[in-house]
There are 2 protein chains.
Amino acid sequence: MISKKTKYAINALVFLAKRNGEGPIIISEIADKEHIPRKFLESILLNLKKAGILASKKGKGGGYYLLKDPNEINLADVMRLFDGPIAFLPCVTYKYYERCEECKDEETCGIRDVFFEVKKKTVELLKQASLSEIIKRENRLITLL
Amino acid sequence: MISKKTKYAINALVFLAKRNGEGPIIISEIADKEHIPRKFLESILLNLKKAGILASKKGKGGGYYLLKDPNEINLADVMRLFDGPIAFLPCVTYKYYERCEECKDEETCGIRDVFFEVKKKTVELLKQASLSEIIKRENRLITLL
DNA sequence: ATAAAGTCTATAGATCAGGTAGACTATTCT
DNA sequence: AGAATAGTCTACCTGATCTATAGACTTTAT
């Protein structure tokens, strides 16, 4: 399961993507509209800014806005930012690789082989899931109602 | 990431599967060979027994052994037993379904749509990963060396 | 009887998730 | 200049969960 932090981050990003181009949007508005505890959201947005995904403007008329294109922000990146590796085992992650202590031989580990495949497919699907893609799906689901 | 508990459970099960038919194997042997803390392993095996996957025999000559066929024990079931749902969101799980508090409309949620697809594929792959399958993969990896 | 082996109950340290509080800094408008 | 607005930073708290460990108890084979 992803953490609430990640879930809130995704919701906030989709919200900002929908209003992309309208200029800065204040934290309180995002918090209210997306039902996210305000102070908690603060630190989330700060992280997204540090990661180069969002930018902010201080003072009156300020707020947060997307720095990158909605096509280029995907769920895999956001999840990794807040929850760390997506894989089920440390020995099949790319950036956070760690050997399993109790493992006898990684090269011939059947368990690892399975989890590598799972991770590969998962990352593939999550990379495709950009903010634009999410919004596109939402619109498609609405037309199906 | 899966918990150590789940990882240990999988290792113990694969170990037992390899020696299926040899009669009961004592906790200490599994703990030693698989490098699992003995007392921790105890409670894990007890859970697997309660779930109907393992059986045990007390007293001298006792130990644990598989109750089900190695084909019928898969990673999806084991993971669910110890770590709960496999999905990334509570709203796309089957058995543990829960609505996302902050969600406005589940029916048209693009985020949910993506995570549903991810979960579907993941469960599919993990269901195929039976103990027999894991051992088969291990043997194949050995021949490739 | 005795040794072997699983079972049950309790506990403990460490880490982390989720959230709150408040002071501080930068910017804009009048 | 000064008030209002809005993000930034530091610190803290509470409860849950993970990863074990300890020890007494029960069952069984010889």
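**Figure 1. Domain 1 and domain 2 of chain A have centres 29 Å apart, taken over C-alpha atoms.** The bounds are 4–66 for domain 1 and 75–129 for domain 2; they come from an automatic or database domain assignment. The model is predicted: local features need pLDDT of at least 70, side-chain atom pairs count only at pLDDT 80 or more, and totals for chains, interfaces and linings use all residues. Residues are numbered from 1 along each chain as its sequence is written, chains are lettered from A and ligands numbered from 1 in the order in which they are written, and side-chain values use heavy atoms, leaving out hydrogens and water.

**Figure 2. Close-up of the contact between the two domains of chain A.** Here 10 residues of domain 1 meet 6 residues of domain 2 (contact: heavy atoms within 4.5 Å). About 620 Å² is buried between these domains, and carbon and sulfur atoms give 87% of that area. Buried area is the accessible area (1.4 Å probe) that two parts lose on being put together, summed over both. T6(A), I10(A) and N47(A) supply 56% of what domain 1 buries against domain 2, more than any other three residues. The rule finds 0 salt bridges across this interface (salt bridge: a side-chain nitrogen of Lys or Arg within 4 Å of a carboxyl oxygen of Asp or Glu). The count of residue pairs in polar contact is 1, with both residues at pLDDT 80 or more. A polar contact is a pair of N or O atoms within 3.5 Å; within protein, one must be able to donate a hydrogen and the other to accept it, and residues adjacent in sequence count only if both atoms are side-chain atoms. On the domain 1 side, helix 1 and helix 3 of chain A each supply at least two residues. Helix 1 of chain A gives the most, with 5 residues. Helices (H or I, at least four residues) and strands (E, at least two) are DSSP runs, numbered from the N terminus. By class, the domain 1 side has 7 nonpolar, 2 polar and 1 charged. Ala, Val, Leu, Ile, Met, Phe, Trp, Tyr, Cys and Pro count as nonpolar, Asp, Glu, Lys and Arg as charged, and the others, Gly among them, as polar.

**Figure 3. Chain A and chain B bury about 4,300 Å² between them.** Carbon and sulfur atoms give 68% of this area. M1(A), F88(A) and E102(A) lose the most area to chain B, together 17% of what the chain A side buries. The contact takes 45 residues from chain A and 45 residues from chain B.

**Figure 4. Polar pairs and helices where chain A meets chain B.** There are 6 salt bridges between the chains. In one of them, R137(B) pairs with E117(A), and the closest N and O atoms are 2.9 Å apart. The rule also finds 10 residue pairs in polar contact across this interface, both residues at pLDDT 80 or more. On the chain A side, helix 1 (4–18), helix 2 (27–34), helix 4 (75–83), helix 5 (110–128) and helix 6 (131–144) each supply at least two residues. Helix 5 of chain A has the largest share, 11 residues. The chain A side divides into 26 nonpolar, 6 polar and 13 charged residues.

**Figure 5. DNA strand C is surrounded by 25 residues.** The closest are K39(A), L46(B), K49(B), G63(B) and Y64(B) (near: a heavy atom of the residue within 4 Å of the strand). Of the strand C atoms within 4 Å of the protein, 72% belong to sugar or phosphate, and the rest to bases. A polar side-chain atom of K49(B) lies 2.6 Å from a phosphate oxygen of strand C. For K57(A), a polar side-chain atom lies 3.1 Å from a phosphate oxygen of this strand. A polar backbone atom of G59(B) is 3.3 Å from a sugar or linking oxygen of strand C. Helix 3 of chain B gives the most to the surface near strand C, with 4 residues. That surface has 8 nonpolar, 5 polar and 12 charged residues.

**Figure 6. DNA strand D is surrounded by 25 residues.** The closest are L46(A), K49(A), G63(A), Y64(A) and K39(B). Sugar and phosphate account for 73% of the strand D atoms that come within 4 Å of the protein. K39(B) reaches a base: one of its polar side-chain atoms lies 2.2 Å from a base oxygen of strand D. A polar side-chain atom of S56(A) lies 3.1 Å from a phosphate oxygen of strand D. Helix 3 of chain A gives the largest share of the surface near strand D, 4 residues.
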